Amino acid sequence: MRTNRDAALKLFVVLNRTVAALRQHAEADVARHGLTVVEFAVMEALYHRGDMPLGDLQKRILVTSGGMTYLVDRLAEQGYVERRPCETDRRVRYASLTPQGRQLMAAIFPAHAEALERAMAGLTLDQKREAVALLRELGTYAAENAPDQ
């Protein structure tokens, strides 16, 4: 790579290919339980963070408001998630795991974490920590300097 531009383009390609390869591992793991990666992301956020306003959940898993509605509807139909009103603001709705959803996550999350750990075994612990720090810095910079839309 002769220039900064060449390096930036190469990094973009490598990041995309890496995400695609890792996503295959994640998709295969959650598909065994009849879930999509995004449905799993909703349930994982609620499992680890507790009840969340739908808007906050939408921002956390990076979907549109319409996409969030669809996901919560699908998970509610399966009995894993429910909507609850906010006690202090009638405009706010919370998503929460049902007992069935919590039970499913308790059963499948450890194996999911192991599947991702195996997928990333090509890096040492120190390399993973360094990658997290570098990618966080890159992501923060890119977000702060995003083009106007």
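**Figure 1. Strand 1 pairs with strand 3, where P53 has Y94 as its bridge partner.** In this predicted model, strand 1 and strand 3 run antiparallel and are joined by two bridges. The residue Y94 of strand 3 also has R84 standing opposite to it, so this view leads on to the next pairing in the sheet, in which the three strands follow the order 1-3-2 and strand 1 (52-53) and strand 2 (81-85) stand at the edges.

**Figure 2. Strand 2 and strand 3 (residues 93-97) are antiparallel and are held together by five bridges.** One of the paired positions is P85, whose bridge partner in strand 3 is R93, and R84 stands opposite Y94 of strand 3.

**Figure 3. Three strands make up an open sheet, in the order 1-3-2 and with antiparallel pairing.** Because strand 1 (52-53) and strand 2 (81-85) stand at the edges and each has a single partner strand, one side of each is left without a neighbour in the sheet. Helix 2 packs on this sheet and touches strand 1, strand 2 and strand 3, with a direction that makes about 85° with that of strand 3.

**Figure 4. Helix 2 (residues 37-49) packs against helix 4 (residues 65-77) at an angle of about 80°, the two axes lying 10 Å apart.** With an angle of this kind, helix 2 is therefore roughly perpendicular to helix 4. On the side of helix 2 the contact is made by V38, E39, V42 and M43, and on the side of helix 4 by M68, L71, R74 and L75. Sorted by class, the residues of this contact divide into six nonpolar and two charged, with no polar residue.

**Figure 5. Helix 2 also meets helix 5, and the axes of the two helices come within 10 Å and cross at roughly 105°.** Helix 2 and helix 5 are therefore roughly perpendicular to each other. Helix 2 brings F40, M43, E44, L46, Y47 and H48 to the contact, while helix 5 brings G101, R102, L104, M105, A106, I108, F109 and H112. The residues of the contact of helix 2 with helix 5 divide into nine nonpolar, three polar and two charged.

**Figure 6. The largest pocket of the model has a volume of about 1000 Å³.** Its lining counts 25 residues, and those closest to the centre of the pocket are V19, L22, L116, M120 and L135. At least two residues of the lining are supplied by each of helix 1 (4-31), helix 2, helix 3 (54-61), helix 5 (99-119) and helix 6 (125-144), and the largest share, eight residues, comes from helix 1. By class, the lining of the largest pocket is made of 19 nonpolar, two polar and four charged residues.

**Figure 7. The whole chain, which has six helices and three strands, places the close-up views in context.** Read from the N terminus on, the elements of the chain run α-α-β-α-α-β-β-α-α. Taken along the principal axes, the box filled by the C-alpha atoms of the chain is roughly 55 × 40 × 25 Å.

Technical notes: Residues numbered from 1 in each chain as written. Predicted model: local features only at pLDDT ≥ 70, side-chain atom pairs only at ≥ 80, totals over all residues. Heavy atoms only, no water. Axes fitted to C-alpha atoms, helices over the stretch in contact; angles between N-to-C directions. Helix = DSSP H or I, 4+ residues; strand = E, 2+ residues; numbered from the N terminus. Parallel < 35°, antiparallel > 145°, perpendicular 65-115°, else oblique. Contact = heavy atoms within 4.5 Å. Nonpolar A, V, L, I, M, F, W, Y, C, P; charged D, E, K, R; others polar. Pairing = 2+ DSSP bridges. 1 Å grid on protein atoms, 1.4 Å probe; cavity = no way out; pocket = protein on both sides within 12 Å on 5 of 7 lines; lining within 4 Å. Points joined across faces, edges and corners; volume = space filled by probe spheres on them.
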